[in-house]
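Reader: I would like a close look at one part of this model, a single residue inside a helix and what surrounds it, and after that a careful account of how the rest of the chain is arranged. Please take the local picture before the overall one.

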Amino acid sequence: MRFKAMALATVVAALAAPVQAEVKVGLITTLSGGGAGLGIDTRDGFMLAIEQAGRDDVEVIVEDDQQKPDVAVQIADKMIQSDKVDVLTGIVWSNLAMAVVPSAVGQGLFYLSTNAAPAQLAGPGCNPNYFSVSYQNDNLHEAAGAYATSAGYKTAFILAPNYPAGKDSLTGFKRFFEGDLAGEVYTQLGQTDYAAEIAQIRASGADTVFFFLPGGMGISFLKQYADSGLEIPVVGPAFSFDQGILQAIGAAALGVKNTSSWSKDIDTPANAAFVEAFSARYDRLPSIYAAQGYDTANLLLSAIDKADVNDDAAFGAALMEADFDSVRGKFSFAPNRHPIQDIYVREVVQEGDVFTNKIVGTAMTDRANEYVDQCKM
């Protein structure tokens, strides 16, 4: 599927004779299966920014990775070898990123991450052509650990899926949680039945539960948790309580605290305009995935205006300047090309018929990441 900057909305434009673009972007994301909502929001946020820019010097090719590493690799190879893209972006899942990114940057392409940002690519595996525009995987979980400590919790049961982002999440939480662990469990990626884990939580003696279960996994867990009658407070990152998930969870999520680098109520003109434009364009509120996709596209456009994408040093320097109006407010890059940004505490609330989040505090200010010194660029 191809999207032109001036013609996002129509399939006709996608099938029209291609315009010679100065920069060709390959957007690989999850558009089918249980994680489709995350990829759809990523794509829609990215394409909204391209559409708003109203320019014809960028061509975006969109492909569905089906949440499968082998499919993502095949698509990336085709985009690099046949489509001759200059930039890759869009991958949601860290196991897919680990399958695609090292090879892509090794071939001289730029990769701009809209979401996945595993520790391996922040430390020794960093690369001048790899930029995470989202966070470093540990960040929101670090903030959850800091919040749980400040809230007075002493004993936490923690769980996450057994893949790179899941491991980063529990590592991040433990880094800033000063209490004890009542249990630490890695679940299967894509798991939908959490009866065994809930039984472990019930018997653990924990006074809080931290979990990272994005997409359909989080929906399944929270519904089962609510049905179990357990009243141990839960804490999580935005991914488990984000806009696309909350409508499926419903009232079971009300009052839950979660941590995020973005929220629809960040009080800046850029964010207010983004929320309004996204809601009008797609008839739904944006999620963190949409916000990150939008920021990634605007970062890319800012660099295109300053440097030739074929000049790695100049284009990398233009990206490092981060000369765009982020929906997150202040935004800059650490030396390992991951964001420096604030991370907020949000609470799930109900506004009319819509379940959403509001900011109730700040967990971390100007947080970079733990791996800067391990990056030897």
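Author: Leaving out residues up to four places away in sequence, A144 touches F173, F210, V235 and T259. The model in which these contacts are found is a predicted one, and A144 itself sits in helix α5, which covers residues 139-150. With a relative accessible area of 0%, A144 falls under the 20% limit and is therefore buried. A second way to place A144 is by its distance to P69, a residue 75 positions away along the chain, since the two C-alpha atoms are separated by 29 Å.

A strand residue offers another local view. K24 belongs to strand β2, residues 23-29, and, when its neighbours within four places in sequence are left aside, K24 is in contact with E59, I61, D83, K84, V85, D86 and V87. Between K24 and K154, which are 130 residues apart along the chain, the C-alpha separation is 51 Å.

The covalent cross-link comes next. The structure holds one disulfide, formed by C126 and C375, whose sulfur atoms are 2.1 Å apart. This pair joins distant parts of the chain, with the two positions 249 residues apart: C126 is in the loop between β5 (110-113) and β6 (130-132), while C375 is in the segment after β14 (354-367). The torsion about the S-S bond of C126 and C375 is about 90°, and so the disulfide is right-handed. As for accessibility, C126 counts as buried because its relative value is 13%, and C375 is likewise buried, with a relative accessible area of 12%.

Two loop residues deserve a separate remark on their backbone. Q67, in the loop between β3 (58-64) and α3 (69-81), has a phi near 60°, which is a positive value in a residue other than glycine. D283, placed in the loop between α10 (269-282) and α11 (288-304), also has a positive phi, near 60°, and is likewise not a glycine. Their accessibilities fall into separate classes: Q67 counts as partly exposed at 24% relative accessibility, whereas D283, with a relative accessible area of 71%, is exposed.

Turning to the whole protein, the secondary structure comprises twelve helices and 14 strands, and the C-alpha trace spans about 60 × 45 × 40 Å along its principal axes. A compact globule of 377 residues would have a radius of gyration near 21 Å, and the 20 Å of this protein agrees with that expectation. Of the 377 residues, 59% count as buried. Among contacts with a separation of 6 or more, 70% are made by residues 24 or more positions apart.

The surface and the charges complete the account. About 13,800 Å² of the protein is accessible surface, and carbon and sulfur atoms make up 50% of that area. The side chains include 26 positive and 45 negative ones, and the centres of these two sets lie 2 Å apart.

Definitions and conventions
Residues numbered from 1 in each chain as written. Predicted model: local features only at pLDDT ≥ 70, side-chain atom pairs only at ≥ 80, totals over all residues. Heavy atoms only, no water. Helix = DSSP H or I, 4+ residues; strand = E, 2+ residues; numbered from the N terminus. Rg over C-alpha atoms; globule rule 2.2 N^0.38 Å. Buried < 20%, exposed > 50% of the residue type's maximum accessible area, 1.4 Å probe, protein only. Contact = heavy atoms within 4.5 Å. Areas by Shrake-Rupley, 256 points an atom, 1.4 Å probe, with all protein chains shown as cover. Lys, Arg positive; Asp, Glu negative; His and termini not counted. Charge placed at Lys NZ, Arg CZ, Asp CG, Glu CD. Disulfide = S-S within 2.5 Å.
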